[in-house]
Each structure stands twice: as C-alpha cells, then as structure tokens.
Amino acid sequence: MPDEYVPYMRTMREMDGAEHARLGKLVAPAFTPRRVAAFAPRIGRIVDGLLGALPSGEPVDLVADLARPLPMDVICELVGIPEADRPAWRGHGAAALGSANRDPRAFTDPDRLDLARDEAAHLGYAHGPHFCLGAWPARLQVRIALTALLRRSPGLAPAKAPERMPDPGTWRLASLPVVL
C-alpha cells in the first residue's frame, strides 16, 4: 500500500474511548442482524458467481478463490463499486481467515473443525465496546457461502493438507486446497 494512504487506513479497532464510541453509534444501526439479513440475496449472488467460476473435479483453493474475495466483493457491492473494478479493490483489502478459539484449555481438539462445537463463548469477533460491527455480515457470508458450497459440491474433498499462515496469535489458513 502506498505510504500516502496509510493515515486513512485507521480503523475503529485502533480507537478507544469517546472517539470509538461516537463512530460506533453512527454506524451500528447499519449492522443490526435485521439490516444485515436484508443483504442475503446480494451476498448469495456474489457467492454464486465466485463458486460458478471454480472448475469441478480439479483442485481449487477455497481461501484464494472464495474466502479472500468474498468479503471485499460484498463491501464493493454494498457501496456501489462496479464489478469490473472489484479485482483491484480485492488487492487493496485482503481479508484473512482466522479463529481466536484455539486454546486447548477451553476447547477439546482445537485444531479440528467442529461446526457443532458448543464449549465456550466465541471470541472471534471480540467483545464489549470493541465487538466487531462486521460480525453479523461476516456470519451471514459464512453461512451463505458454506451452504452454497456444500449444496453444489456434496462430495467436497481435500486435495491435500491445508497450509497455515505463520501467525502465533490466530489459526489462519494460507490455502485450503479441495476438489469440488
């Protein structure tokens, strides 16, 4: 990212106190579960487009081909960025997969994906005043993407072992190679 853009990249995550509270009150109404649910058809179209571009029967990387582009494409859709310009925006706003819930003292077999896990409070979107405003849109995107992926590819299988990012604070994937 060019140095001249760095001052504009400050997010609410880096703010505290009155400044954080003021901005949170301004934007929070747009991110209620009911408001976010209205985005579902638009998110579904984006997911369908991303999945439709993937080849069947040969390895694809779900991180590079679905998880990274989806959040930025949704943001672009919501703010009116034309589809033709979205690849450039993807480059400016890389999204990361991660999970804060990997403490073996709190989670049985924390490295295993368990969609039915119900052991402790989820910390992936923080809490208190720093609870992520994007949590509801992110949850909706994940639900729509996983539902569509599993409906289209019921035989989904790993192509090889996933690669993890070297990040001591979170469990992030660098790649998730699968065959659809």
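Start your tour by selecting residues 135-152, which form helix α7. Helix α7 has 18 residues and reaches 26 Å from its first C-alpha to its last, close to the 26 Å expected at 1.5 Å a residue. Keep in mind as you look around that this is a predicted model.

**Stop 1: the buried residues of α7**

Now highlight Ala135, Pro137, Leu140, Gln141, Ile144, Ala145, Ala148 and Leu149, the buried residues of this helix. An α-helix has 3.6 residues a turn, so residues three or four places apart point the same way. What covers the buried residues of α7? Colour α2 (33-37), α3, α4 (62-67) and α5, which are included in that cover.

**Stop 2: leucine 51**

Next, select leucine 51, which lies in helix α3. Is leucine 51 buried or exposed? Its relative accessibility is 5%, so leucine 51 counts as buried, because buried means under 20%.

Show what leucine 51 touches, leaving aside its neighbours within four places in sequence: you will find Leu66, Ala148, Leu149 and Arg152. Two names here should ring a bell, since Ala148 and Leu149 are among the buried residues of α7. Then try your distance tool on the C-alpha atoms of leucine 51 and serine 153: these residues are 102 apart in sequence and 9.9 Å apart in space.

**Stop 3: aspartate 61**

Move on to strand β1 (residues 59-61), where you will find aspartate 61. With a relative accessibility of 18%, aspartate 61 counts as buried, because the cut-off for buried is under 20%.

Which residues does aspartate 61 contact, if you leave aside its neighbours within four places in sequence? Select Leu66, Ala174, Ser175, Leu176 and Pro177 to see them. Leu66 also appeared at the previous stop, in contact with leucine 51. For another distance check, pick the C-alpha atoms of aspartate 61 and valine 178: they are separated by 6.3 Å, with the two residues 117 apart along the chain.

**Stop 4: the second largest pocket**

For the last stop, select Arg42, Arg45, Ile46, Gly49, Leu50, Asp73, Glu77, Glu83, Arg86 and Arg90, which line the second largest pocket. This pocket has a volume of about 220 Å³.

Try colouring the lining by class: you should get two nonpolar, one polar and seven charged residues. Now switch to colouring by helix. α3 (40-52), α5 (69-79) and α6 (86-92) each supply at least two residues of the lining. Which helix gives the most? That is α3, with five residues. You have met α3 before, as the helix that holds leucine 51.

Terms used
Residues are numbered from 1 along each chain as its sequence is written. This is a predicted model: local features need pLDDT of at least 70, side-chain atom pairs count only at pLDDT 80 or more; totals for chains, interfaces and linings use all residues. Side-chain values use heavy atoms; hydrogens and water are left out. On a 1 Å grid over the protein atoms alone, a cavity is a set of points where a 1.4 Å probe fits but cannot get out, and a pocket is an open set with protein on both sides within 12 Å along at least five of seven lines; lining residues have an atom within 4 Å of a point. Grid points are joined across faces, edges and corners, and a volume is the space filled by probe spheres set on the points. Helices (H or I, at least four residues) and strands (E, at least two) are DSSP runs, numbered from the N terminus. Ala, Val, Leu, Ile, Met, Phe, Trp, Tyr, Cys and Pro count as nonpolar, Asp, Glu, Lys and Arg as charged, and the others, Gly among them, as polar. Buried means under 20% relative accessible area, exposed over 50%, partly exposed in between (1.4 Å probe, protein chains only). Contact means heavy atoms within 4.5 Å. The expected span of a helix is 1.5 Å times one less than its number of residues.
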